[in-house]
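I opened this notebook to record what I looked up in one structure. The entries follow the order in which I took up each topic.

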Amino acid sequence: MMEQPVQTETWKARSLEELVRILHQIFAEDKVSVDEVQALMESYESNPEEWLQYAKFDQYRYTRNLVDNGNGKFNLMILCWGEGHGSSIHDHTDSHCFMKILQGNLKETLFEWPEKKGNGEMTKKSERVLRENQCAYINDSIGLHRVENISHTEPAVSLHLYSPPFNTCNTFDQRTGHKHKVTMTFYSQFGERTVCATGVPQENN
Amino acid sequence: MAAAGGGSPELEPAPEPAMELESEPEPESEPEPEPEPALAAELAARRSAEARRLVLSPRRLSGPLPAGLSQWFPALEVLDVSGTGLTEMGTELLSLPCLHTLLAKNNRLGGPGSLPKGLEQAPLARSLRVLNLSGNRFSEVPPALLQLRGLRSLSLGGNRLHGIPPDIQELHSLEFLYLGGNFITAIPPELAKLPSLRYLVLCDNKIQSIPPQLAQLHSLRSLSLHNNLLTYLPREILNLVHLDELSLRGNPLVVRFVRDLTYNPPSLQELAGRTIKTRNIPYAPSDLPESLVRYLSLASNCPNPKCGGVYFDSCVRQIKFVDFCGKYRLPLMHYLCSPECSSPFSSASQSSTSQSESDSEDEASVAAHRMQKVLLG
């Protein structure tokens with residue numbers, strides 16, 4: 001679905017609401033451009049007043065808070081990272097993933113896919129620290145990544161778009177390359193806290 | 001946008017809406033320190049008997065908290081002085097009767113006198129629940145801090161701590177302890193005496209080992225150990241049955257058995273000593289040279305609860321890889337009196353699904369002949 005389109009618009013989203021509206025417009029088409037979406041996400045200047053209602057933090061780990069379900073074409077969500085919170089190394093289930101920083105900083109470490117019979121330390125490709133309003137992009141053909149808030153003093157908030165939406169992915173053990181399928185859940189949806197059955201240990205590495 | 005005063009806030013590192021009495025933010029990034037009289041005059045002018053929250057950041061304070069603060073805002077429950085360049089808190093804190101949250105991150109606290117004297121007798125010692133001192137310059141946990149007996153949440157992330165004082169156990173109400181990003185090399189076993197501790201963050205330090213006593217933290221739900229110098233964990237860690245989160249990345253954890261190892265068999269003296277102890281052969285000080293009597297008194301019981309054996313110097317350390325919560329394969333250190341000592345071992349998995357790919361080469365089978373002494377350099 002995502003390829004080079006015939007024409008590329010240069011969008012400017014002046015608010016979160018406008019960003020969502022333009023996203024719906026873009027994804028209503030048959031063909032969607034990765035560059036176009038990335039530029040659009042980056043054009044939105046983060047305004048906490050507009051997204052505070054979705055930014056629900058948890059003491060123990062990062063949270064995923066659904067903002068919009070894109071008529072089934074994409075999921076837009078806000079992730080809240082307390083100090084020191086990080087994700088495991090994970091893939092993106094053949095979907096496109098855009099990640100924009102709304103507040104604070106996030107470190108992204110890229111990894112190569114492990115060998116079939118993964119039995120050694122995974123190979124780091126690169127790492128970078130993403131700043132406020134920057135937007136990163138990844139998909140499975142690019143590689144795997146780990147995202148973490150390395151600050152011990154500041155929380156971080158990020159805006160993620162996944163297309164098509166997915167709720168399972170694989171997490172990878174950095175030491176061995178072994179993978180493990182996990183189901184992802186939402187901490188809140190549309191600003192409302194979703195209480196679901198816990199008791200499933202959360203993968204953090 | 002903010003409710004006036006607001007209810008008692010949860011510990012949330014979320015960006016908070018405009019507070020009750022927020023000062024005007026400085027336009028420049030590095031403003032001149034505010035002359036104290038000017039700030040004092042402004043605060044006095046905005047005094048309120050009902051205000052419960054006060055945010056002073058991002059003002060730049062030239063000295064401690066202005067005298068008179070407790071008179072102008074007697075009902076203060078939440079005080080945020082983060083990013084104000086504070087080098088010492090000052091004594092005004094001692095007069096605030098209902099303060100439960102003090103946020104003072106990203107300042108220049110850490111020298112002697114950062115916290116005021118007389119904390120023990122102040123209302124603060126009982127009222128304060130949340131204290132955030134992250135991003136300061138503490139090279140040790142100030143003893144005065146340990147007087148805050150009501151403290152539930154303490155953050156000293158991103159300071160310069162080299163250790164944790166054993167007296168940390170005085171903070172017996174502590175539920176949340178963040179010590180990430182320091183230079184801590186060891187964890188005192190007294191840390192395990194905090195019965196309500198649920199969240200313990202020790203990431204980004206220089207910790208080489210975890211004391212087995214930490215397994216006594218029955219309330220622990222989340223343990224952050226990533227980016228340290230751990231090569232293995234004590235097997236007692238499996239006793240933390242409520243643990244939902246465990247981060248271990250960035251540690252030089254042993255992944256495989258180190259195969260080539262020299263096993264140093266016990267000396268004749270050791271073997272004789274073991275026999276005497278396990279068979280309860282009676283002896284009196286008159287029977288043996290003093291040095292041997294002393295030697296026999298140093299016998300240790302084999303850590304394997306099912307073995308009645310003892311050892312003196314020759315103790316086998318063995319690493320077993322265990323599924324933890326059905327997901328991790330942790331190298332756990334076992335101590336056994338000899339390679340023949342079998343160690344039945346149950347993995348405390350919470351989920352019935354284990355790793356689909358079982359690496360039998362790495363997995364420690366209980367067969368006695370495979371036990372080896374592992375040298376961890």
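**Entry 1: a pair of helices in chain A**

I looked up how helix α1 (residues 16–27) of chain A lies against helix α2 (residues 34–43) of chain A: their axes come within 11 Å and cross at roughly 175°. Because angles over 145 degrees count as roughly antiparallel, I recorded α1(A) as roughly antiparallel to α2(A). I noted that the model is predicted.

I then listed the residues that make this contact. From α1(A) they are A:L19, A:I22, A:L23, A:I26 and A:F27. From α2(A) they are A:E36, A:V37, A:L40 and A:M41. Sorted by class, the contact of α1(A) with α2(A) has 8 nonpolar residues, 1 charged residue and no polar ones.

**Entry 2: A:L159**

I turned next to A:L159, which lies in strand β9 (residues 156–163) of chain A. Is A:L159 buried or exposed? Its relative accessible area is 0%, so I entered A:L159 as buried.

Leaving aside neighbours within four places in sequence, I found A:L159 in contact with A:L16, A:L19, A:M41, A:L76, A:M77, A:I78, A:F98, A:M99, A:K100 and A:L102. Among these, A:L19 and A:M41 also take part in the contact between α1(A) and α2(A). I also looked up A:N69, which is 90 residues from A:L159 in sequence and 13 Å from it in space, C-alpha to C-alpha.

**Entry 3: A:F186**

I located A:F186 in the loop between β11 (179–183) and β12 (188–189) of chain A. The relative accessible area of A:F186 is 18%, and the residue is therefore buried, the cut-off being under 20%.

Setting aside neighbours within four places in sequence, I recorded contacts of A:F186 with A:R64, A:L66, A:N75, A:M77 and A:T194. One of these, A:M77, is also in contact with A:L159. The C-alpha atoms of A:F186 and A:I78 are separated by 10.0 Å, and the two residues are 108 apart along the chain.

**Entry 4: cysteines**

How many disulfides does a search of the whole structure find? I recorded 0 over all chains.

I then asked why A:C169 has no such bond. The closest cysteine sulfur, in A:C97, is 10 Å from that of A:C169, which is too far for a bond. A:C169 is buried, with a relative accessible area of 7%.

For B:C203, the closest cysteine sulfur is in A:C80, at 19 Å, so the pair is too far apart for a bond. B:C203 is also buried, at a relative accessible area of 0%.

Terms used:
Residues numbered from 1 in each chain as written. Chains lettered and ligands numbered in written order. Predicted model: local features only at pLDDT ≥ 70, side-chain atom pairs only at ≥ 80, totals over all residues. Heavy atoms only, no water. Helix = DSSP H or I, 4+ residues; strand = E, 2+ residues; numbered from the N terminus. Buried < 20%, exposed > 50% of the residue type's maximum accessible area, 1.4 Å probe, protein only. Contact = heavy atoms within 4.5 Å. Axes fitted to C-alpha atoms, helices over the stretch in contact; angles between N-to-C directions. Parallel < 35°, antiparallel > 145°, perpendicular 65-115°, else oblique. Nonpolar A, V, L, I, M, F, W, Y, C, P; charged D, E, K, R; others polar. Disulfide = S-S within 2.5 Å.
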